[in-house]
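The following exchange is meant for a student who wishes to see how structural terms are justified. Each question asks why a term applies, and each reply sets a value against a rule.

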Amino acid sequence: MMAVEDQKSTSDGKVWGFLKQTFRHSTTGATTSSRTSHQTHPPVDGTNPHTSASVSSVARSLLPTRRRLKLDPSNKLFFPYEPGKQVRSAIGIKNTSKSYVAFKFQTTAPKSCFMRPPGAILAPGESIIATVFKFVEVPESNEKPVDQKNNRVKFKIMSLKVKGQMDYVPELFDEQKDQVSIEQILRVVFLDPERPNAALEKLKRQLAEADAALEARKKPPEESGPKIIGEGLVIDEWKERRERYLAKQQVEGVDSV
């Protein structure tokens, strides 16, 4: 009986030793794998600057472009359909941003179209009515009048934020290409001048306003200083009145004599 118990205790000791050895190996393996995974995978809070920069640039490209200008009409240019003539359209452009903005026209048909002005710089809140000129081709005898849907002539208005008031030069858009925004692509729509409609009446009002603004700019500024008569001769108002008074006195003296 004692021999059986000794045998049992001996076998139990062997089993317990085997289990301890197995547990020790498994613990060591888990620790090693944990270290390995720590080495191969960087911490979550440690970010790669190049990756974050590329992600942010992609995110910015997906955001809608904030417009600096308000256009009227918003996406079309209306022209009276008069084949063989140069016709005009008009578009109102207003700077709705808080900074000075330069704008520029471009067209797919530069030989038959031009803009007045082709570009300008607007102060915050400033507006202008631009005039667009276009020559309407005469359709051939076997062709129908031009189909508006097939008209491929388009205009593009671009904008650029500038530092302040300055003279407009087209090279501004070449020097800062990465800052240029496309405001709108405008398509051409022809109107029948014999059929009055709201779009045609609005176009006439805009053209009249643009012509009036152009005439106002042509007028010389009023002179607030002394008059300049001839070259190098300056006469003030009081001096001119005094000379007229003396001349009148001389005439009266001669008559009395």
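The questions and answers below concern a predicted model.

Q: How confident is the predictor in the protein on average, and what share of the residues score at least 70 in pLDDT?
A: The average pLDDT of the protein is 76. A score of at least 70 is reached by 61% of the residues.

Q: What makes residues 1-9 a stretch of low confidence, and how many contacts beyond four places in sequence does the model give them?
A: Their pLDDT stays under 50, on a scale that runs from 0 to 100. The model has 0 contacts beyond four places in sequence for residues 1-9. Residues 30-34 also have a pLDDT below 50, and that stretch has 0 contacts beyond near neighbours in sequence.

Q: In what order do the strands of the open sheet of 5 strands stand?
A: The order is β2-β9-β8-β4-β6, and the pairing is mixed.

Q: Why are β2 and β6 called edge strands?
A: Strands β2 (76-80) and β6 (119-122) each pair on one side only. Neighbouring strands of this sheet are turned by 25° against each other on average, with direction ignored.

Q: How do you know that β8 and β9 count as paired strands?
A: Two strands pair if at least two bridges are found between them. Strand β8 (residues 154-162) and strand β9 (residues 181-191) share 6 bridges, in the antiparallel sense. The condition is therefore met. Within this pairing, K154 stands opposite R187 in β9, and F155 stands opposite L186 in β9.

Q: How many bridges join β4 and β8, and in what sense do the strands pair?
A: Strand β4 (residues 100-107) and β8 pair over 8 bridges in the antiparallel sense. Opposite T107 stands F155 in β8, and opposite Q106 stands K156 in β8.

Q: What makes β4 and β6 a pair?
A: There are 4 bridges between β4 and β6, in the antiparallel sense, and the rule asks for at least two. The two strands therefore qualify as paired. The bridge partner of K104 in β6 is G119.

Q: Why is I121 called buried?
A: A residue is buried when its relative accessible area is under 20%. The value for I121 is 10%, so I121 counts as buried. This residue lies in strand β6.

Q: Which residues does I121 touch, not counting those up to four places away in sequence?
A: The residues touched by I121 are Y100, V101, A102, E126, V162, M166, D167, Y168 and L172. The C-alpha atoms of I121 and Y100 are separated by 6.8 Å, although the two residues are 21 residues apart along the chain.

Q: Why is the pair of D72 and K202 called a salt bridge?
A: The rule requires a side-chain nitrogen of Lys or Arg within 4 Å of a carboxyl oxygen of Asp or Glu. In the pair D72 and K202, the closest N and O atoms are 2.6 Å apart, so the requirement is fulfilled. The structure holds 5 salt bridges.

Q: What does the pair of D72 and K202 tie together?
A: D72 lies in strand β1 (residues 69-72) and K202 in helix α4 (residues 198-218), so the pair ties together parts that are 130 residues apart in sequence. D72 counts as partly exposed at 32% relative accessibility, and K202 counts as partly exposed at 29%.

Q: Which parts does the salt bridge of R88 and D211 tie together?
A: The side chains of R88 and D211 meet at 3.0 Å, N to O. R88 lies in strand β3 (residues 86-95) and D211 in helix α4, so this pair links parts that are 123 residues apart in sequence. R88 is partly exposed, with a relative accessible area of 24%, and D211 is partly exposed, with 31%.

Q: How do you know whether D192 and R195 are buried, partly exposed or exposed?
A: Exposed means over 50% relative accessible area, and buried means under 20%. R195 has 61% and therefore counts as exposed. D192 has 36% and is therefore partly exposed. These two residues form a salt bridge, with the closest N and O atoms 3.7 Å apart.

Notes: Residues numbered from 1 in each chain as written. Predicted model: local features only at pLDDT ≥ 70, side-chain atom pairs only at ≥ 80, totals over all residues. Heavy atoms only, no water. Axes fitted to C-alpha atoms, helices over the stretch in contact; angles between N-to-C directions. Buried < 20%, exposed > 50% of the residue type's maximum accessible area, 1.4 Å probe, protein only. Contact = heavy atoms within 4.5 Å.
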